[in-house]
Amino acid sequence: MATIRFFDRADEFRIELTGRFSGDAIQDVRKTWQEALLETSQRRFSVDISGMTAYDLSGRKLLAEMYRHGMNFAARTPASLVFLDEIANTPRATPRIGEAPNLKPSKRPAAPPFRVMASGE
């Protein structure tokens, strides 16, 4: 389960996530973030995922939504940099950490050999 810390200051709204981001923690973050967005003051919005160890699909979706909305992300560890890459590049064709790759066979017909294509035969 994630540990969430909110820093709600006049010049910055920051969320720090530690542990596995899943379950009720996702709804808590969504609700608090959306409430902060309704305030009229100009301030910086950021989320620190340096201490995050994992997330489920709903957690990834929320973080990707926050990223697309313009939220700044802090990622100071190798694992958090991988998470940030996944969040910033959703949907991804490559597997996430700990996920087996999708090895479905291709339905496209095999391309003809290069020599045949070049000769026009």
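The protein has 4 helices and 4 strands, and I should say at once that this is a predicted model. From the N terminus on, the order of elements is β-β-α-β-α-β-α-α. Of its 121 residues, 32% count as buried. The accessible surface comes to about 8,200 Å², and carbon and sulfur atoms hold 54% of that. On contacts along the chain: taking those between residues at least 6 apart in sequence, 62% join residues at least 24 apart.

Now the core. The largest nonpolar core has 25 residues. Those with the most contacts inside it are I15, L17, F21, I49, L63, M66 and F73. At least two residues of this core come from each of β2, α1, β3, α2 and α3. For orientation on the display, β2 is 12-21 and α1 is 24-38.

Take F21 from that list. Leaving out residues up to four places away in sequence, F21 touches A2, I26, V29, M52, A54, Y55, D56, G59, L62 and L63. One of these partners, G59, sits in helix α2. Is G59 buried or exposed? Its relative accessible area is 0%, under the 20% limit, so G59 is buried. With the same neighbours in sequence left out, the residues that G59 touches are F21 and I26. There is also a long step in sequence here: G59 and A25 are 34 residues apart along the chain, and their C-alpha atoms are separated by 8.6 Å.

Next, V47, which is in strand β3. V47 has a relative accessibility of 1%, so it counts as buried. Apart from neighbours within four places in sequence, its contacts are I15, L17, M71, N72, F73 and A74. Of these, I15, L17 and F73 are among the core residues with the most contacts. V47 and F73 lie 26 residues apart along the chain, with 5.0 Å between their C-alpha atoms.

For contrast, D24. This residue belongs to helix α1. With a relative accessible area of 57%, D24 is exposed, because the cut-off for that is over 50%. The C-alpha atoms of D24 and A2 are 9.2 Å apart, and the two residues are separated by 22 places along the chain.

Now helix α3, residues 78-88. Which of its residues are buried? They are S80, F83, L84, E86 and I87. Looking down the axis of α3, these buried residues fall within an arc of 160°, so they line one face of the helix. The general background is that an α-helix has 3.6 residues a turn, so residues three or four places apart point the same way. What covers the buried residues of α3 includes β3 (44-55), α2 (57-69) and β4 (72-74).

That leads to the packing of α2 against α3. Two packed helices are described by the angle between their axes and the distance between the axes. For α2 and α3 the angle is about 75° and the axes are 8 Å apart. The range for roughly perpendicular is 65 to 115 degrees, and α2 and α3 are therefore roughly perpendicular to each other. Which residues meet there? From α2 we have R60, L63, A64 and Y67, and from α3 L84, E86, I87 and A88. L84, E86 and I87 also appear among the buried residues of α3, and L63 is one of the core residues with the most contacts.

Conventions:
Residues numbered from 1 in each chain as written. Predicted model: local features only at pLDDT ≥ 70, side-chain atom pairs only at ≥ 80, totals over all residues. Heavy atoms only, no water. Buried < 20%, exposed > 50% of the residue type's maximum accessible area, 1.4 Å probe, protein only. Arc of directions from axis to C-beta. Contact = heavy atoms within 4.5 Å. Areas by Shrake-Rupley, 256 points an atom, 1.4 Å probe, with all protein chains shown as cover. Core = buried A, V, L, I, M, F, W, Y, C linked by side-chain atoms within 4.5 Å. Axes fitted to C-alpha atoms, helices over the stretch in contact; angles between N-to-C directions. Parallel < 35°, antiparallel > 145°, perpendicular 65-115°, else oblique.
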